[in-house]
Amino acid sequence: MEFPANLRYTKEHEWARQEGNRIVVGITDYAQKELGDVVFVELPEIGLTLAVEDTFGVVESVKAVSDLYAPVSGTVVDANMVLEDQPELVNASPYGQGWMVVIETARLEEFQQLLTAAEYQAYIAQEKSSR
Amino acid sequence: MLRQWRFLNTGAGDAALNMALDEALLTVHEAGASLPTLRVYGWCQPTLSLGYAQNAPQDVALSTCQAQGVVVVRRPTGGRAVFHHQEVTYSVVMPLEDGLQGITAHYYHIGLALAAALQTLGLPIRLARPQVRDAAGRTEPSPACFAAISRYELSVDGKKLVGSAQKRAQRALLQHGSIPLWMDRQRLFQCLRVPLARLPALLQEAQASMGAVNEMLSTPVTPTTVHEALRTGFSTTFGVELIDSAVTAEEWRLAHHLQAIKYNTALWNIDGPAAWRQCTPVL
């Protein structure tokens, strides 16, 4: 399972990558494995304003609809609409072609507060041990 | 002392209100304002419920539904079409952090509770194993939910008996599902857009793959008997005491609001979530 060190992570199993004042967001390799085959992705309109932890979309797999949460506040400036026709990219390439949205933020400190790769791995290990 | 869950029996309800109340129960529990809940209910009118992302114009014979008095409603959960008529429907609202993590774990443990319940009725239930991902590709699914057995769903002699689906929020989940007492397979497929030439074959397949409780028992049971079996199954499986409860005023208020602005609208039920969201102010 991959946990790229250049990314930040959330406890909702999303990743975030900083590109200037823009944050690219997707779900983690761990999340896509837990979800199973993703059959549907719903993403927001460009221009939507989000606060931290606002829902910005959903993914569906194994008859379960799961909400997606904004890791940082800001405005949606891009959304990966390819996923509407090819939701399987979330499984095949969670950190690449399976990216979901780009949020332009004025609060980069929110990005800095997200989990590092090591912290996220520790969090997953803790989740697994509680099963 | 056993942990407590609520037990709600809301009787036969309107399709839109049924879905609205399930969503309201999840929302209130997510906010930390209610105990975990097992709800049982029925349907006032024959209803075709669709999965969250299902394409209604593509999958549903809308004019046939209308002509036959079948209500069409879109669920907040995933999956495909379910025909609700003579059945017991269950819904569970519980925290995500309850010693269980992940979609599979919840399907499994709720499946165990359902299996325990149906075993008390004398049904030799088995839980389906998780499907291994098919590396060769995905097959085109049937628009009918009961046409396929998914992970940890319940079957007897290869016939699917309970179809379930989930909505997962940040801190809580809703899982609901249908336990048919009798199954009108012909009516289900009449409500779906399937090529006429394929209908006989689909009905034959459905006869072999879709089950109903009273078709498998020598003495038919009533919804009340199934409700009691569910209470026992969930109580023993989750180690909880189920307290007879009523829907709170806050839950009814939210449910009636959601019924009006969402589940009673063609925008949500037919056009789908994206269209509904575009035209609906933020709640």
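What share of the contacts in chain B with a separation of 6 or more comes from residues 24 or more positions apart? Hello everyone, and let me start there. The figure is 78%. Please keep in mind throughout that we are looking at a predicted model.

Let me introduce chain B a little further. It has 283 residues, and 57% of them count as buried. Along the chain there are 11 helices and 11 strands. We won't walk through each of them today. Instead, I'd like to follow one strand, β9 of chain B, and see where it takes us.

First, its surroundings. Of the 10 residues in β9(B), 9 are buried, so this strand is mostly covered. On one side of the story is β8 of chain B, residues 154-156, which runs antiparallel to β9(B) and is joined to it by 3 bridges. If you want to find that pairing on the screen, look for B:Leu154, which stands opposite B:Val162 of β9(B). The two strands make a hairpin with 2 residues between them, and in that turn B:Asp157 has a positive phi of about 50°.

Next comes β10 of chain B, residues 172-180. This strand is also antiparallel to β9(B), with 6 bridges joining them. Here the hairpin connection runs through 3 residues. As a quick reminder, strands of a sheet pair through backbone hydrogen bonds, either parallel or antiparallel.

Now for a residue I particularly want to show you, B:Gln166. You will find B:Gln166 in strand β9 of chain B. Is B:Gln166 buried or exposed? With a relative accessible area of 0%, B:Gln166 is buried. Its bridge partner in β10(B) is B:Gln175, and the side chains of B:Gln166 and B:Gln175 are also joined by a polar contact of 3.0 Å. Leaving aside neighbours within four places in sequence, B:Gln166 is in contact with residues of chain B that include B:Thr77, B:Ile103, B:His106 and B:Tyr107. The list also has residues from chain A, namely A:Lys63, A:Ala64 and A:Val65.

That brings us to the meeting of the two chains. The contact takes 30 residues from chain B and 27 residues from chain A. Together the chains bury about 2,200 Å² between them, with 45% of it on carbon and sulfur atoms. Between chain B and chain A, 17 residue pairs are in polar contact. Which elements of chain B each supply at least two residues to the side that touches chain A? They are α4 (103-120), β9 (159-168) and α11 (273-279). Our strand β9(B) gives the most, with 7 residues. The residues on this side of chain B divide into 10 nonpolar, 12 polar and 8 charged.

There are 3 salt bridges across the interface. One of them links B:Lys167 with A:Asp67, where the closest N and O atoms are 2.5 Å apart. B:Lys167 has a backbone role here too: this residue of β9(B) is the bridge partner of A:Val65. The strands involved are β9(B) and β7 of chain A, residues 64-69, and they pair in the parallel sense over 3 bridges.

While we are over in chain A, let me point out an open sheet. It has 6 strands in the order β1-β2-β3-β9-β8-β5, with antiparallel pairing. β1 (8-9) and β5 (49-50) stand at the edges with a single partner strand each, so one side of each is left without a neighbour in the sheet. Further in, β3 (residues 22-27) and β9 (residues 101-104) of chain A run antiparallel and are joined by 4 bridges. A:Val25 has A:Val101 of β9(A) as its bridge partner.

One last stop, back in chain B. B:Leu123 is found in the loop between α4 and β7 (126-127). Although this is a loop residue, B:Leu123 is buried, with a relative accessible area of 2%. Beyond the neighbours within four places in sequence, B:Leu123 is in contact with B:Leu118, B:Val156, B:Leu161, B:Val213, B:Met216 and B:Leu217. Take B:Met216 as an example of the opening question: B:Leu123 and B:Met216 are 93 residues apart in sequence, while their C-alpha atoms are 7.5 Å apart in space.

Thanks for listening, and please have a look around the model yourselves.

Terms used:
Residues are numbered from 1 along each chain as its sequence is written. Chains are lettered from A and ligands numbered from 1 in the order in which they are written. This is a predicted model: local features need pLDDT of at least 70, side-chain atom pairs count only at pLDDT 80 or more; totals for chains, interfaces and linings use all residues. Side-chain values use heavy atoms; hydrogens and water are left out. Contact means heavy atoms within 4.5 Å. Buried area is the accessible area (1.4 Å probe) that two parts lose on being put together, summed over both. A salt bridge is a side-chain nitrogen of Lys or Arg within 4 Å of a carboxyl oxygen of Asp or Glu. A polar contact is a pair of N or O atoms within 3.5 Å; within protein, one must be able to donate a hydrogen and the other to accept it, and residues adjacent in sequence count only if both atoms are side-chain atoms. Ala, Val, Leu, Ile, Met, Phe, Trp, Tyr, Cys and Pro count as nonpolar, Asp, Glu, Lys and Arg as charged, and the others, Gly among them, as polar. Two strands pair if DSSP finds at least two bridges between them. Buried means under 20% relative accessible area, exposed over 50%, partly exposed in between (1.4 Å probe, protein chains only).
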